[in-house]
Amino acid sequence: MTAMLGMYDMPALQPANDRFWTLIRAHLGEGPEHLTRDRDFWDIWKDPELVFAQTCGMPYRTRLHGEVQLVGTPDYGLPGCPPGHYCSVFVARVDDDRDLEGLVAGTFAYNEALSQSGWAAPVVHLSDLGLTPSSLLETGGHALSAQAVAEGRADLASLDALTWTLLTEHSDLGDKLCQVTTTKPTPVLPYITSNGQDAGRIGQAVRAAIDSLTPEDRQALHIHGLIDIAAEDYLAVPNPPTPQAIRTQT
């Protein structure tokens, strides 16, 4: 059996995530003793023995829908977002006074092409404004995208709102970068389980675990509760052009 909480699992949060999983496992009455941190995300998401994991909205709607079950959607209480929703935050260097149009004329750093917050939401947002990034830099992670902007290797990046908050709390990137604008809210990264599991029972265990978290761990993880968002709401989020298509346009 496998469990993974790798989407928001920077070193500073790993102890809190471990305690969160311990509580979920206790309320569930089964599951692996430890979270998995040494396997490819896709391998875990498609594992028929998967008990509990968190995925991103774009992988869910493009590849995982029908292959996994939704357990529920965490509510992170993000400003300007309905419960269980988040947005992407465009960031630039604090000493760069260009507006969004000017920044897009430079290099846009993104984590990967199947990221809702790092690629889909920002590209759709820019497209709605008639804008297209002039140059792209794939980094492999939100923090790496932020670091690329801070170091001047990119001019603009898009981070999910919770990641941006966590980076301001646990790194110096909040002092080097500033928020330019945000995208429209979309459903937060959902918790999933394999098709062979009892998703309803797992959801009950997650709710009980959230209620059992210490105030310190709840604050560290920024988790307020678990809500139900229908699969159709995830599937309705628009897909963007691919990076290859963007490069062809430019």
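**Cavities, pockets and helix faces in a predicted model**

The largest cavity is lined by 13 residues, and those nearest its centre are Y8, N17, Q54, Y76 and L221. The structure is a predicted model, and the values reported here are computed from it. The space in this largest cavity amounts to about 100 Å³. Helices α1, α7 and α10 each contribute at least two residues to its lining. By class, the lining of the largest cavity comprises 11 nonpolar and two polar residues, with no charged residue.

In total, the structure contains two cavities of 30 Å³ or more. The second largest cavity has a volume of about 30 Å³. Its lining is formed by Y86, C87, S88, Q116, S117, A121, T183, K184 and T186. Helix α5 provides the most to this lining, namely three residues. In the lining of the second largest cavity, three residues are nonpolar, five are polar and one is charged. Empty space of this kind is revealed by rolling a probe the size of a water molecule over the atoms.

Pockets were examined next. The largest pocket has a volume of about 750 Å³. It is lined by 35 residues, of which G6, M7, F41, G141 and H142 are the closest to its centre. Two or more lining residues come from each of the elements α2 (41–45), α6 (142–150) and α7 (161–170). Among the contributors to the largest pocket, α7 gives the most, with four residues. The lining of the largest pocket consists of 18 nonpolar, 11 polar and six charged residues.

The second largest pocket holds about 210 Å³ of space. Of its 13 lining residues, A121, V124, H125, D128 and K184 are the closest to the centre. Helix α5, which runs over residues 116–128, gives the most to this lining, with six residues. Seven residues of the lining of the second largest pocket are nonpolar, four are polar and two are charged. Two of the residues closest to the centre of this pocket, A121 and K184, also appear in the lining of the second largest cavity.

Helix α1 was then considered in terms of its length and its buried residues. At 1.5 Å a residue, the 15 residues of α1 (residues 14–28) should span 21 Å, and the C-alpha atoms at its ends are indeed 21 Å apart, so expectation and model agree. The buried residues of α1 are A16, N17, F20, W21, I24 and L28. These residues cover an arc of only 135° around the helix axis, which places them on the same side of α1. The general geometry of an α-helix, with 3.6 residues a turn, explains such a pattern, because residues three or four places apart point the same way. The buried residues of α1 are covered by several elements, including β1 (2–4), β2 (50–54), β11 (191–194), α9 (199–212) and α10 (215–221). One of the buried residues of α1, N17, is also among those nearest the centre of the largest cavity. The helix is followed by G29, which has a positive phi, near 85°.

A similar analysis was applied to helix α6. Its buried residues are H142, S145, A146, A148 and V149. Seen down the axis of α6, these residues fall within an arc of 155°, and therefore they line one face of the helix. Of these buried residues, H142 is also one of the residues closest to the centre of the largest pocket. Helix α6 is followed by G152, and the phi of G152 is positive, near 85°.

Two single residues illustrate opposite surroundings. L64 lies in helix α3 (residues 57–64). With a relative accessible area of 0%, L64 is buried, since the cut-off for a buried residue is under 20%. Apart from neighbours within four places in sequence, L64 is in contact with W42, W45, K46, T55, P59 and I192. One of these partners, K46, is 18 residues from L64 in sequence, and the two C-alpha atoms are 7.8 Å apart in space.

Q244, by contrast, is found in helix α12 (residues 243–249). Its relative accessible area is 63%, and Q244 is therefore exposed, as a value over 50% is required for that class. Between the C-alpha atoms of Q244 and A113 the separation is 9.6 Å, although these residues are 131 residues apart along the chain.

Methods: Residues numbered from 1 in each chain as written. Predicted model: local features only at pLDDT ≥ 70, side-chain atom pairs only at ≥ 80, totals over all residues. Heavy atoms only, no water. Expected span 1.5 Å × (residues − 1). Buried < 20%, exposed > 50% of the residue type's maximum accessible area, 1.4 Å probe, protein only. Arc of directions from axis to C-beta. Contact = heavy atoms within 4.5 Å. 1 Å grid on protein atoms, 1.4 Å probe; cavity = no way out; pocket = protein on both sides within 12 Å on 5 of 7 lines; lining within 4 Å. Points joined across faces, edges and corners; volume = space filled by probe spheres on them. Nonpolar A, V, L, I, M, F, W, Y, C, P; charged D, E, K, R; others polar.
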